[in-house]
Amino acid sequence: MLDAPRDEVGRIVAAWRRERPDLDVSPLEVLSRISRLARHLDLARRATFASHDLETWEFDVLAALRRQGMPYRLSPSALLNETLVTSGTMTNRIDRLEDRGMVRRLPSPNDRRGILVELTLEGRTRVDAALATLLTAEHSLLIGLGDDDTRTLASLLHDVLAPFDAP
C-alpha cells in the first residue's frame, strides 16, 4: 500500500478506506490504475492511428493480417477470432478496408465457396508505419519503468489476463 496518495487512484482509495473501513478496497489500487492507464493508452493509440489515417479497428484488422507473415492472408472467420467482433461487423470492416485499397478478397484455394482476405501493399505500408509510431508512443507510457520492472509488470498482467484468454 502507498503511504500517501501519489495519484488520483491513491486519493480515491484513501477516501474509501476512511469512509468504508469495513471493506477491503485493495483491488481498486490495481484495477482502477489499469482502467485509468487503459484510457491513456486508448487516447495514445487513437492519436497514433489517426496520424496514419487509420481507425483503431482498421489497424486491428491490418495488424492481424500482417502478423500472419507472407502472403498476409486470413479467412474472415480467422479474422473474427483475431479481432473478437461479430461476422456482420467483420464483413463491414473488410468492405471498408477493401474500398480503401488496404485489403483484397481472393477465392479460397481450399473451399470453392470461401474467400481469403489479403493485405495489399498499401495496407502493409500503412500498418507497418502505424506500428512503428505506436511502439514509440507506448514506450513513452512506460518511461518510468526500468526493463526489469517492465518485464515484471508484463508477467503479472499476463497472470491476471490468462484466465480470460483461455479457450
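Helix axes are lines fitted to C-alpha atoms over the stretch in contact, and angles run from 0 to 180 degrees between N-to-C directions. The model is predicted, local features need pLDDT of at least 70, side-chain atom pairs count only at pLDDT 80 or more, and totals for chains, interfaces and linings use all residues. Residues are numbered from 1 along each chain as its sequence is written, and side-chain values use heavy atoms, without hydrogens and water.

Select α3 and α6 to begin; helices are DSSP runs (H or I, at least four residues) numbered from the N terminus. Their axes come within 10 Å and cross at roughly 105 degrees. α3 is therefore roughly perpendicular to α6 (65 to 115 degrees). Contact (heavy atoms within 4.5 Å) involves F59, L62, A63 and R66 of α3, and residues of α6 including G123, V127 and L134.

Next, select α4 (residues 76-83) and α5 (residues 87-99), whose axes come within 10 Å and cross at roughly 105 degrees. These two helices are therefore roughly perpendicular to each other. P76, L79, L80 and T83 of α4 meet S87, M90 and I94 of α5.

Finally, turn to the largest pocket, an open set of points on a 1 Å grid over the protein atoms alone where a 1.4 Å probe fits, with protein on both sides within 12 Å along at least five of seven lines. Its lining has 33 residues, with I34, L37, L142, L153 and L157 nearest the centre; lining residues have an atom within 4 Å of a point. The elements giving two or more residues to this lining are α2 (26-50), α3 (56-66), α6 (121-141) and α7 (147-165).

Methods
Angles under 35 degrees count as roughly parallel, over 145 as roughly antiparallel, 65 to 115 as roughly perpendicular and the rest as oblique.
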